[in-house]
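Hello,

Here is the structure I promised to pass on to you. Have a look at it first, and then read on for what turned up in it.

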Amino acid sequence: MKQTMDDQARTFIERSTLLFIASRNIDGAMDVSPRGGQPSVLRLREDGALLLPDYVGNKRLDTIGNVLSNPEVALLLLNRASNAYLRIFARATISQQDDDIAAFPADESSPLTVIILHPTRMELVASEAFEASGFWVDQSGLKATHDVLAIYARDIQWQTDRRRDPVLYDTASESRLQQSGLREFYGTPSPAVQKKVYDTAGPGFMNFIDEARFIVFAHESTTGEISIDLAGGPPLRRDPTTNAQSLLLDLKHEGSGIDDAMPHAAPFAIIAVEPGRCDNIRLNGVYREVSASAEGRRQLSLQSNEIFFHCSAALTRSRIWMDTRPVAWSGKRAFTCVERRQESPEVVSFTFSPRDRAPIGAAAPGQFVTLSLPDDAKSARQRCYSISSVPSDQALRISVRRVGDAGVSALLHDTVRPGDMVFLGPPGGHFVLDSEPMKPVVLISAGVGVTPLLPMAEYLAKEEPGRNVWFVHAAKNSRHHFFAPEVLRLAEQNPGIRILTAYSRPEAGDSGHHEGRLDAAAVARHVPVAEADFYICGPEAFMSSLSEGLIELGASPSSIRMEAFEQSSGGGFALSETQMKLPPREVVFARSNRQATWTPECGSLLDLALANDIEVQFSCRSGECQSCSQKMVSGGVIYPSGEVPLIARGQVLLCQSIPKGDIELDC
């Protein structure tokens, strides 16, 4: 077992978006909890410590309460699509220090505290549990979350009818939380959370148990240490020998990670997960081994002290089943304008730096951010602007063309100066550089459509000097030719980049490669149409005509990507046959003091809001820009696509959701 962190372990940690942490209280009672985060769940501190953020949740504070009593923990880290996990043993402390919290973005879901982990040992373990449980599903295998509050209500009533009392939180751990001030800082759990835990499984728990085949198993070793392992395949089931008060767990030693040092009876804690679903079941107590075989199979009878159905934001945050790029932050994050540059009479570039000290994180060339202004009289307004240069750790640039005098672009131009604050959503969008290595790339833009192509060219200039790249820009004349010197510098860095300029109305002295309207034939005179990938950004008519023309000249339709930020009444929102049969729901728009009835024919919540003249912002309608994100006061939603978006807690994307029942929105 490794005593120090080598490059392999460091890389695994940096790529992990989901982990499970096992802890125990002063009496030895175990707990195991999931934690998820983007672009990685942990941060590496310069001194070798690992930082694990703790966000607002159900406020039980199981892990934190245990760590205050017993700092010994064990972690199990997952990497997407890997059939191995990294197991880390560490000592933990709780920090509220600004320097530790500043390692994470201060957005709408900022961490409240940070668990500081000092690793003592770590090892990479190959496990058959992933394949045996079918854990690695793709996005098509995602499943909607359960209505957990409804399950709690039914199970609490079921337990009450049988005169069973809930299991309250550990008194000693609660006392330490009080003494540390963390209980007052976090607040008190809701009555439903306080009463959801019992020592016997209710029907809601048991309805889920047969599908929860991926099992994280924390236990005490024969040396008294805490350990954490995986099992997969056979689900938990009732133990008929105990009058249905216990559960049975079947383990297979080979490939499960269950070590030989596991005693025949000891405290344990389990999380069982259904692949593709973000809900899980939790139980802890004491197990005893009831059978074993020479083939390494062991059967444990689990006597639970605490057992409950659980919905955690961890799996949602982790995006463990989503084939998407890492997200640097969620929700609005405060940035300061550090530079303003006039690119032309109608275009200004703004460079922003985060007001927290966390790095900006990765942004794929071509992505955009959603911007809002704190001093906007119409405070709900949000607009998408392309990132116009590859971001550094502390600098992100957008370039904005002024459109009229009443919009967000005009407000930016007129009011935002160095030192002023703006809010930015995380980089988003599917219009990104994504071509096979060394395949010719053609970047075509018109007007301010050049902005998402600039970071693509910048990336290609620095990272792929051998690739053939054509940078094609259409403008009225040289006075309206945005970023010409910048593109020229990129071409000087990389001779593989060729610049082609089209002026529709050139002025005296203008020198371009094409005069008049740019079309596919003009492009084809310079580039190998049938061999290249095309990235096109500009007005809709410009992109459509170019795309159609290039396909007629031999380009594959799949080789053409286009981008335009235009509000649309479409968006491809579709309901399944089952969802089309859902009954009406009442939707309250609280700030507008309006109420409307949703039926499947209404489409998304955004469609319903717009049809009833509710003032809400929207842009891409694909769920990427997050412009239509609104606070949910009460109720719940269904995301028909099956993909739960990574947004701030308590928010809902109107364009991608329908009401699960009656709902109240803060708009």
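Let me start with one helix: in helix 2, the buried residues are Asp62, Thr63, Ile64, Gly65, Asn66, Val67 and Ser69. That is seven of the eight residues in this helix, which runs over residues 62–69 and is mostly covered. Please keep in mind throughout that this is a predicted model.

Serine 69 is a good residue to click on, and it belongs to helix 2. Its relative accessible area is 12%, so serine 69 counts as buried, the cut-off for buried being under 20%. What does serine 69 touch, once residues up to four places away in sequence are set aside? The partners are Asn25, Ile26, Ser173 and Arg176.

Now for the chain as a whole. The protein chain holds 16 helices and 33 strands. Its C-alpha trace spans about 90 × 55 × 50 Å along the principal axes. A compact globule of 667 residues would have a radius of gyration near 26 Å, and the 28 Å of the protein chain agrees with that. Of the 667 residues, 55% are buried. If you take the contacts between residues at least 6 apart in sequence, 72% of them join residues at least 24 apart.

On the outside, the protein chain exposes about 28100 Å², and 48% of this comes from carbon and sulfur atoms. As for charge, there are 66 positive and 82 negative side chains. The centres of these two sets lie 2 Å apart.

The aromatic rings deserve a look too. A pair of such rings is described by how far apart the centres are and by the angle between the planes. The count here comes to 13 aromatic pairs. Take phenylalanine 185 and tyrosine 186: their ring centres are 5.7 Å apart and their planes stand at 90 degrees, so this pair is edge-to-face; the label applies to angles over 60 degrees. Are these two residues buried or exposed? Phenylalanine 185 has 41% relative accessibility and therefore counts as partly exposed, whereas tyrosine 186, at 6%, counts as buried. Elsewhere, Phe130, Phe135, Trp136, Phe214 and Trp321 form one aromatic cluster.

Finally, here are some backbone details that you may like to find for yourself. Most peptide bonds are trans, and most residues other than glycine have a negative phi. Against that background, three places in the loops are worth a visit:

- Glutamine 38 and proline 39 are joined by a cis peptide bond, with omega at about -5 degrees. Proline 39 sits in the loop between strand 2 (30–36) and strand 3 (43–44).
- Arginine 163 has a positive phi, near 60 degrees. This arginine 163 is part of the loop between helix 5 (148–161) and helix 6 (171–180). With a relative accessible area of 79%, arginine 163 is exposed.
- Phenylalanine 483 also has a positive phi, near 65 degrees. You will find phenylalanine 483 in the loop between strand 22 (469–475) and helix 13 (484–493). Its relative accessible area is 5%, so phenylalanine 483 is buried.

Enjoy exploring it, and do write back with any questions.

Best wishes

Terms used:
Residues numbered from 1 in each chain as written. Predicted model: local features only at pLDDT ≥ 70, side-chain atom pairs only at ≥ 80, totals over all residues. Heavy atoms only, no water. Helix = DSSP H or I, 4+ residues; strand = E, 2+ residues; numbered from the N terminus. Rg over C-alpha atoms; globule rule 2.2 N^0.38 Å. Buried < 20%, exposed > 50% of the residue type's maximum accessible area, 1.4 Å probe, protein only. Contact = heavy atoms within 4.5 Å. Areas by Shrake-Rupley, 256 points an atom, 1.4 Å probe, with all protein chains shown as cover. Lys, Arg positive; Asp, Glu negative; His and termini not counted. Charge placed at Lys NZ, Arg CZ, Asp CG, Glu CD. Phe/Tyr/Trp six-rings, centres within 6.5 Å; stacked < 30°, edge-to-face > 60°.
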